[in-house]
Amino acid sequence: MKEIVVISGKGGTGKTSITAAFAMLAGKNAVIADCDVDAADMHLLLQPDFAKSEDFYSGFKAEIDQELCMKCGKCKQACRFDAVKKIDDSYNILNLDCEGCGYCAEICPVKAIQMVEQNVGKWYISKIKNNAQMVHARLGIGADNSGKLVAKVKKEAKNIAQEASKDFILVDGSPGIGCPVVSSLSGADYVIIVTEPTLPGFHDMKRVYELVQNFHLTAGCIINKYDINKEISEKIKSFCKKNSIDIISYFPYDETFTQAMTQGKTIVEFDDGNLKKILENSWKKIISLTDQH
Amino acid sequence: MKISIASGKGGTGKTTLATNLAYLLSQKSPVILADLDVEEPNSGFFIKGKEIHEKKVFRMIPEWDKEKCVLCGNCQRVCKFNAVIKLWEEVLVFNQLCHSCYACSELCPQNALPMKTYEVGKITEFEQNNLHFIEGKLNVGEEQAVPLIKETIDFTNHNYSSDILRIFDAPPGTSCPVIEATKSADYIILITEPTPFGLHDLKLAVEVMRELKKDFGVIINRYGIGNDDVVQYCEDERIPLLGKIPNMKKAAEAYSKGELLSEAIPEIRSAILDIIKNLQDREVLL
Ligand code: SF4
Ligand code: SF4
Ligand code: SF4
Ligand code: SF4
């Protein structure tokens, strides 16, 4: 079983549209994991049935029992996040600021502070429209545990894939370079970076590749909208060659991506021409590349 | 006045809007533009100012002092983030997991975990006439964006008078980094695309802003490409639609080269000017 993770660094490069198309091409050989938990969109194209759902608990927030509190102010002194506020005569926790470190609870002389575990989201196991299974999630508002939710989604996908002896886990990773991406990448067999030939796109790709290198992972690259700036596309190509990143394919600037999305379809279901062909060839190439590594 | 520009989904034009708004407004009076998308800051490609200052940003991480430690294990017990682990003969600190809360350090009976500085990124300050551009950039390998976002906002607060208009380019998504980049703002602009992904992520962003009790409006970028569902949604929810930026392949090409769209494409300039006028009518801008 191979775990293939698709990332992009920058948002809006077409990562999710391309991953969803691969999901359709992989069919029942793959388990799909949507790890872009912060803005999970893949379900709009793959139509999962949300068959099984579970709450996700992670992290804590402090709560003060006003009956027990003797107003000594030690919690306020200890808190490094300015999350304890004195309002009139009482001490209160500012929920949005509390990091859940538990320092205040540890030192409160009368044990008036409880650390309460937080429900930060939900995760689901679904069947999608081609009957493959998909694990996905929804992060609650302002939650700071996206990395942990990503890890959970990946772990469940792995369990399903192992039990059913699937060939692939296909992961739609998160944008950026922070904790959710790090969680998305951990344990990957092959990383696909979807980029676009814009100065920001190239810059973000280089940053996220640095991260890929830190994990000693092998990667391939897909350049979307390669024709909006051929000069930068060439630069991306040489960057890939220099760093032994496989070049998987190029997609032209094409509003078909959006048209397919507007109908809730992946590109391979919507388009019978050029884009579909590139996607099919890309997926074949990815299978053979992951076999080599 | 602080205006934060956010979006549920990445790549919808946050940076385009932030840089062009700041640039056009700075032709009349001083503006501060802060790039708080510290994981992947991109505003700097479009604002070509002169660098006037760079500062490294640190946070505090405990460092184990083998000589003083008696291996009591209290540090591991108090750390809620599993960032410090006591093994048989040593204590390990995992920098990436540490939230710098000081609990292990200050509660160690032997003072064997003094807090030391640890570099997480840098803040750079640029100047282009009336436009002051502040960029926060996270080091690759550092997983926590929030402390650097906080430092970048503090930097603008300490170095500039509060009378000057601030525009924040917030990170994408709906989790903690976005909250950090929007919670101190007076007004939030949510930018989206007229597509199913755009609408879905806009709804999440709207939920966040309502939860934070923020005043906000919506701008549609690449208007014309998808369908009218976003417009309908804003009408149904009575969310002010502040403007529409037209979809043009030319814009994608100019963006790719780092050109400021309001300089390169007249249609986009006039769309941004309309947005400014709209914000003035609503008294968000003077
Ligand atoms: S430390 Fe405990 S007793 Fe003292 S003010 Fe805080 S909650 Fe109240
Ligand atoms: S748990 Fe930590 S962050 Fe939250 S109030 Fe207590 S000391 Fe502050
Ligand atoms: S609390 Fe201090 S003395 Fe105890 S194990 Fe940790 S570092 Fe060592
Ligand atoms: S400072 Fe806080 S988060 Fe960091 S290791 Fe110590 S207890 Fe854990």
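The shell around ligand 2 divides into 10 nonpolar residues, 2 polar and 1 charged. This is a predicted model. The shell holds 13 residues, and those that come nearest to ligand 2 are A:Cys79, A:Cys98, A:Cys101, A:Gly102 and A:Cys104. Four cysteines and a glycine thus appear by name in that list.

Ligand 1 comes next. Around it stand 13 residues. A:Cys69, A:Cys72, A:Gly73, A:Cys75 and A:Cys108 are the nearest of them. By class, this shell has 10 nonpolar residues, 1 polar and 2 charged. Cysteine counts as nonpolar here, and glycine as polar.

Now turn to the packing of the protein. The largest nonpolar core contains 121 residues. Within that core, the most contacts belong to A:Ile7, A:Leu185, A:Val191, A:Met205 and B:Leu190. Both chain A and chain B are represented in that list. A:Met205 gives a closer view of the surroundings. Setting aside residues up to four places away in sequence, A:Met205 touches A:Ile193, A:Thr195 and A:Cys221. Its partners also include A:Ile236, A:Phe239, A:Cys240 and A:Ile245. A second core is separate and has 39 residues. Among them are B:Leu17, B:Tyr23, B:Ile268 and B:Val284.

Chain B also lines a pocket. The second largest pocket encloses about 420 Å³ of space. Its lining is made of 18 residues. Nearest the centre of this pocket lie B:Leu25, B:Ser29, B:Leu165, B:Leu285 and B:Leu286. Two helices of chain B, α1 (14-26) and α10 (266-281), each supply at least two residues of the lining. The most comes from α10(B), with 4 residues. In the lining, 12 residues are nonpolar, 3 polar and 3 charged.

One lysine of chain B deserves a stop. B:Lys214 sits in the loop that runs between α6 (196-211) and β10 (216-223) of chain B. Is this loop lysine, B:Lys214, buried or exposed? B:Lys214 counts as buried because its relative accessible area is 18%, and the cut-off for buried is under 20%.

What surrounds B:Lys214, beyond its neighbours within four places in sequence? The contacts are B:Thr182, B:Lys183, B:Ser184, B:Ala185, B:Ile188 and B:Met209. B:Cys176 offers a further reference point. B:Lys214 and B:Cys176 are 38 residues apart in sequence. In space, their C-alpha atoms are 16 Å apart.

Definitions and conventions: Residues numbered from 1 in each chain as written. Chains lettered and ligands numbered in written order. Predicted model: local features only at pLDDT ≥ 70, side-chain atom pairs only at ≥ 80, totals over all residues. Heavy atoms only, no water. Near = heavy atom within 4 Å. Core = buried A, V, L, I, M, F, W, Y, C linked by side-chain atoms within 4.5 Å. Buried < 20%, exposed > 50% of the residue type's maximum accessible area, 1.4 Å probe, protein only. Contact = heavy atoms within 4.5 Å. 1 Å grid on protein atoms, 1.4 Å probe; cavity = no way out; pocket = protein on both sides within 12 Å on 5 of 7 lines; lining within 4 Å. Points joined across faces, edges and corners; volume = space filled by probe spheres on them.
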